[in-house]
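Visitor: Could you walk me through this fold, strand by strand and helix by helix?

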Amino acid sequence: IPNFKQLDEEFDKQEKLANSEEIIEEQNKPFLHVKTQKEDELLLEQRTKKLNICVLIDADNASVNALSGIFNELSKHGNIIIRKAYGNWSRMTTTKWESAFRELAIQPIHQIDYTKGKNSTDIAMTFDAMDLLYGNKDIINSFALITSDSDFTPLAIRLVQAGLTVL
């Protein structure tokens, strides 16, 4: 049979410990910061608040057939407030893309290749991401980069460093 009095005392001790802001560890170790209730509430709010998502699509390296499912999933996490797709539409079959533009309210961004063998679409998308980051910090708190191109990894890292969520 459990000793409820001992359990209550242990619980009280743990509760006091958890509510304190600092704990002095034995042997003069540095202070350890324990999160306060307010900090826990702020973290919970950040985890549960709806995101304002900016979706940037690398159409040269993304499947138009997957977009509807991707947008449905993103909608579960927040409001998609910017939708842009980057590509050289003159060298792509655009019928499916045009349908996706209309159905999903995506703004197409046409980017020609200035030099053969170079993909200027990636650079245009990256520049727009930086412009959107610094020009709309009070509105955008999340980015979704739709691409299969690993060259966008530094962009994703930079967005995270700026405190945004990258989906």
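Guide: Happily; we will go from the chain as a whole to the central sheet, its helices and one aspartate.

Visitor: Before we start, what kind of model is this?
Guide: Residues are numbered from 1 along each chain as its sequence is written, and side-chain values use heavy atoms, with hydrogens and water left out. Local features need pLDDT of at least 70, side-chain atom pairs count only at pLDDT 80 or more, and totals for chains, interfaces and linings use all residues, since what you see is a predicted model.

Visitor: How many helices and strands does the chain have?
Guide: Helices (H or I, at least four residues) and strands (E, at least two) are DSSP runs, numbered from the N terminus. Read from that end, the elements run α-β-β-α-β-α-β-α-β-α-β-α-β. The total is 6 helices and 7 strands.

Visitor: In what order do the strands of the open sheet lie?
Guide: Two strands pair if DSSP finds at least two bridges between them. Strand β3 (residues 51–58) has 8 bridges to β4 (residues 78–87) and 5 bridges to β6 (residues 142–146), parallel in both cases. The edge strands, each pairing on one side only, are β5 (107–110) and β7 (165–166). The order of the 5 strands is β5-β4-β3-β6-β7.

Visitor: Which residue of β6 is the bridge partner of Val55?
Guide: Along β3, Ile57 stands opposite Ala85 in β4. Towards β6, Ile53 stands opposite Ser142. The partner of Val55 in β6 is Ala144.

Visitor: How many residues of β3 are buried?
Guide: Buried means under 20% relative accessible area, exposed over 50%, and partly exposed in between (1.4 Å probe, protein chains only). Over the 167 residues of the chain, 31% count as buried. Strand β3 is mostly covered, and its buried residues number 7 of 8.

Visitor: What is the handedness of the β-α-β crossover from β3 to β4?
Guide: The chain leaves β3, passes through helix α3 (residues 67–77) and arrives at β4. With the strands pointing away from the viewer, a clockwise path from the first strand over the helix to the second is called right-handed. This crossover is right-handed.

Visitor: Why do the buried residues of α3 sit on the same side?
Guide: The buried residues are Leu67, Phe71 and Leu74. An α-helix has 3.6 residues a turn, so residues three or four places apart point the same way. On the other side of α3, Asn72 and Lys76 are exposed. The buried residues share a side because, by the directions from the helix axis to the C-beta atoms, they cover an arc of only 65°.

Visitor: At about what angle does α3 run to β4?
Guide: Axes are lines fitted to C-alpha atoms, for helices over the stretch in contact (heavy atoms within 4.5 Å), and angles run from 0 to 180 degrees between N-to-C directions. Helix α3 lies across β3, β4 and β6, and its buried residues pack against those strands and α4 (95–104). Its angle to β4 is about 150°.

Visitor: Which side chain makes a polar contact with that of Asp58?
Guide: Asp58 belongs to β3 and is buried, at a relative accessible area of 0%. Beyond four places in sequence, its contacts include Tyr86, Asp122 and Phe152. A polar contact is a pair of N or O atoms within 3.5 Å; within protein, one must be able to donate a hydrogen and the other to accept it, and residues adjacent in sequence count only if both atoms are side-chain atoms. At 2.9 Å, the partner is Thr147.
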